[in-house]
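Welcome, and please open the structure in your viewer. We will go from stop to stop, with something to select at each one.

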Amino acid sequence: MLGVAAIAALPMIRGYYFYGTGDPMTHLGWVKQILWGTLNMDEFFYPGLHLLAAEISKISGLTPRHSLNLTAWLFTPIWLVFCPLLVRELTNSNEGLYIGGVAALILTPLNPINVRLVPLPSAQMVFFLTVVLYLYFRFFTDTLGDDTAAKITLGTVLTSVVFYHPQQAINAIVLLGLLIVIAKIVDSESETIETRPLTTVIAVGVLLVAWITSKETFHEVFQNLTLGLIATIQGIISGVPQGSAGAGSASRLESARALGYNIPLLGLKFIGKTLVAGAAALLLAVSELRNKRISLPVRLLVASSAMLLFGGAFAGIGMINQVARYAGVFIAIGSIVGAVGLTKYINSNGAPTRRTIITILLCASIIISVPVMFQSPFVALYNRQVTESQYQGYETAFEYGNNDIEYVHLRSETRRFEAAIYGSRAATDIEIDWASNQGRVPDHFVNQSLPAYYDGARYISITDADRIREDDLYNGYRYAKSDFVYLGQATHRVVDTNGYQLYFLAENRSS
């Protein structure tokens, strides 16, 4: 357990300046704004992780960068502790504690899209859901009695999820609600303890609705989701596709094929670690249903199927990132139920032999899982490290650059560094050419014809990570060595911090 927790902490142990490109940099900006006192908390949709990181920074003296990485990491040990505790509750045996502990080491919920070991509140809450489920099965599936303290504890923890990430709070409430409904259906003739936290779940649900409907972010997301679903339904009816469901993933797959990657092997690297637990969960469900038993693990697995419905709705409108969130929750629960199945398997006849087989399979799963805990060339993905020279390079560019000139980039998004440095949605004079390919320079620097493509002067941001990524990992698929040579000839380099270069493309006056 300590070994896996240490591996998850490698970016901090190795002294990374910051770990997590993209969304985590926006979260870093929010943490800074909380510390500066410039963030409007009335409009902040999910302040939990950021407030915790800010408090850790104040108490410990850590920089916001390091406190945010540390705060995100803390949820990995939470998963490693509560996953085996939950399995023990579901099996009522010490063997469940051991099997659940080993299964937790695999970190099955991780996926390369949206459940990663970086500061992402939605990802951290996938791990934290084990605490919610543990409290439910620990206090509401045993003997009847005074459960006031248990309800208060469950309500408090569930409320915290609302402020950490409302979407995952919805998932938690749906899971508990379905577990209560299933308990009522199965034991319809008597009041069962499983149904007693219903008032707590409803109360937190009311709080959740009040919280999200008071935020402008919710109305924007709800409107976009509704419009997307309408467009998808219209496309199905008319036979003319209106959305881009899966377009991004299809593009990535085509790129991977063009680079010579073995797609089935890549898929196996990601899902191989889940096969043992997934198969065990399926076999347990089939066995229980065949014997007309609907045990607690089976109820949990059935309740988690709601995540598939939610994920399917988002898949229909092409929001693959959202699908990955629901997949993370479903796989997390599937691995827990799978650990229950493995525990029952080794406790049946022929236990010594079966225990040996299960041990070998779980150890193999752990070995498979370690190389894919972080993004790396092993899985055709790039390291999410942000170096000090990159960060300082953007700081220099923003401080001394001409605010009338728009920025463009390759893969290191300028707007993310702007958010990390000045705060998310902070009022700055920095202009990004979002209208032209969302700020990204087209492939091969517009086939080495930059001046003809842009309607005015531009700043082009390049990091050393961009160069290494394009040359070593992607073999020049989008930007080759010759393209970078062309860039140096067609522009003027105005900033260079070893890890970051800013190029100035003069306005094309010949057109």
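A disulfide is a pair of cysteine sulfur atoms within 2.5 Å. Keep that cut-off in mind for the opening stop, and note that you are looking at a predicted model.

**Stop one: the cysteines**

How many disulfides does the structure hold? The count is 0. Select C83 to begin: this residue takes part in no disulfide, and the nearest cysteine sulfur, which belongs to C363, is 16 Å away. Now jump to C363. Why is there no bond here? The closest cysteine sulfur to that of C363 is the one in C83, and because the two are 16 Å apart, they are too far from each other for a bond.

While both are selected, turn on the surface. Is C83 buried or exposed? C83 has 2% relative accessibility, so C83 counts as buried. C363, in contrast, is partly exposed, with a relative accessible area of 39%.

**Stop two: the sheet**

Next, switch to a cartoon view and look for the strands. Strands of a sheet pair through backbone hydrogen bonds, either parallel or antiparallel. Here you can find an open sheet of 4 strands, in the order β3-β4-β6-β5, with mixed pairing. The edge strands are β3 and β5 (492-496), each of which pairs on one side only. From one strand to the next, the twist averages 30°.

**Stop three: strand β4**

Select residues 458-463, which make up strand β4. How many of its 6 residues are buried? The strand is mostly covered, with 6 of 6 buried. Turn on the side chains and check each face: R458, I460 and I462 lie on one side, Y459, S461 and T463 lie on the other, and all of these are buried.

**Stop four: the neighbours of β4**

Add residues 406-409 to your selection to bring in strand β3, which pairs with β4 in the parallel sense over 4 bridges. Two pairs are worth picking out: Y407 has Y459 in β4 as its bridge partner, and V408 stands opposite I460 in β4.

Then add residues 500-505, strand β6. Which way do β4 and β6 run? They are antiparallel, joined by 6 bridges. End the tour by clicking on Y459 once more: this residue stands opposite F504 in β6, and is also the bridge partner of Y407.

Note on methods: Residues are numbered from 1 along each chain as its sequence is written. This is a predicted model: local features need pLDDT of at least 70, side-chain atom pairs count only at pLDDT 80 or more; totals for chains, interfaces and linings use all residues. Side-chain values use heavy atoms; hydrogens and water are left out. Buried means under 20% relative accessible area, exposed over 50%, partly exposed in between (1.4 Å probe, protein chains only). Two strands pair if DSSP finds at least two bridges between them. Axes are lines fitted to C-alpha atoms, for helices over the stretch in contact, and angles run from 0 to 180 degrees between N-to-C directions.
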